[in-house]
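Here are a few notes to read alongside the model. They go from one chain to the pair, then to the sheet and helices.

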Protein chains: 2
Amino acid sequence: MPNPFMKKAIELAVENVRTGRGGPFAAVVVKDGRILAEGTNRVTSTNDPTAHAEMVAIREACRTVGHFQLTGCEIYTTCEPCPMCLGAIYWARLAEVFYASTGKDAAAAGFDDSFIYEQFEQPISGRKIPMIQLMREEALQAFRAWEQKADKIPY
Amino acid sequence: MPNPFMKKAIELAVENVRTGRGGPFAAVVVKDGRILAEGTNRVTSTNDPTAHAEMVAIREACRTVGHFQLTGCEIYTTCEPCPMCLGAIYWARLAEVFYASTGKDAAAAGFDDSFIYEQFEQPISGRKIPMIQLMREEALQAFRAWEQKADKIPY
């Protein structure tokens, strides 16, 4: 028996390729057995490198529930999440991730995020995109302002 | 001499706290010595867990240049990027990252992403948010459709 949510995500991914809207990826966010939001990859059609299927689905699901966390929700994604999307999944506090194809399958089709995963294992000084620290003392002002703010909304 | 781009980012971060629009973070994307786009954290005010300062700035910069890559651009961010934002920085092909405060400084102010970085070091089976694979064979359809598409836009 195919899982109906993953089946839906796969259909959306195939359709996304056919319509030329973006890469071969889709995701759905589910709560209590109901689809809250769908997302497909829209990187090239919206000129947005962050518009991966999982990101689009998470943002849409948050709009639907009116909150910046998706506690108790699951995400069904046609492919193992990339580092950006995995980060977003943790920030959104999703309860479970169901994925179908692997990062290796994606790499074989030309979408290789293993390079990015490898970068995370490097110390800051050893990364391909140079990361340079400056003005730390001055930047701490922002955290001090946050600590002093009485009516802040933590997250 | 303070760096003018980081100075601007720090001002934006402090202002973001004052106006209550989100967390104490801001970023600017710079090309050829000119600010292309600004971003501040908008997680709580827009109910979007992906609306970190770097993500907002990258998305806005891409809108400005009309492309999904930011080759030759730098990002100035008030704090060391979280895993989601670091992933986005790699996907956007930024040339350089300048950051001010560290992940530890952010953690001391209540924003702890070290937990997420630690999750990346775990194998899929050992992560806090369970990741379950299903329907891989069916999902490969999407990659086959992609491979067969003549007029695709790779990224």
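What pattern does chain A follow, read along the sequence?

1. Chain A runs α-β-β-α-α-β-α-β-α-α-β-α, with 7 helices and 5 strands in total. Helices (H or I, at least four residues) and strands (E, at least two) are DSSP runs, numbered from the N terminus.

2. Some housekeeping: this is a predicted model, where local features need pLDDT of at least 70, side-chain atom pairs count only at pLDDT 80 or more, and totals for chains, interfaces and linings use all residues. Residues are numbered from 1 along each chain as its sequence is written, chains are lettered from A and ligands numbered from 1 in the order in which they are written, and side-chain values use heavy atoms, leaving out hydrogens and water.

3. For overall dimensions, the C-alpha trace of chain A spans about 55 × 40 × 25 Å along its principal axes. Of its 155 residues, 59% are buried (under 20% relative accessible area, with a 1.4 Å probe and protein chains only).

4. Now the pair. Chain A lands on chain B after a rotation of 180° with 0.0 Å of shift along the axis, at an RMSD of 0.0 Å (least squares on the C-alpha atoms of residues with pLDDT of at least 70 in both). That is the relation of a two-fold axis. In chain A, the C-alpha nearest the axis belongs to A:Met84, 2.0 Å from it. The copies meet through the same surface, because 100% of the interface residues of chain A are also interface residues in chain B.

5. Look at the sheet next: it is open, has 5 strands in the order E5(A)-E4(B)-E3(B)-E1(B)-E2(B), and its pairing is mixed (two strands pair if DSSP finds at least two bridges between them). At the edges stand E5 (131-133) of chain A and E2 (34-40) of chain B, each with a single partner strand, so one side of each has no neighbour in the sheet.

6. Within that sheet, E3 (residues 74-79) and E4 (residues 96-101) of chain B pair in the parallel sense over 5 bridges. B:Cys79 stands opposite B:Ser101 in E4(B).

7. Finally, which residues of helix H6 (residues 114-121) of chain B are buried? They are B:Ile116, B:Tyr117, B:Gln119 and B:Phe120. These cover an arc of only 155° around the axis, which puts them on the same side of H6(B) (the arc is that of the directions from the helix axis to the C-beta atoms). They pack against H4 (83-91) and H6 (114-121) of chain A, together with H4 (83-91) of chain B (contact means heavy atoms within 4.5 Å).

Methods. Buried < 20%, exposed > 50% of the residue type's maximum accessible area, 1.4 Å probe, protein only.
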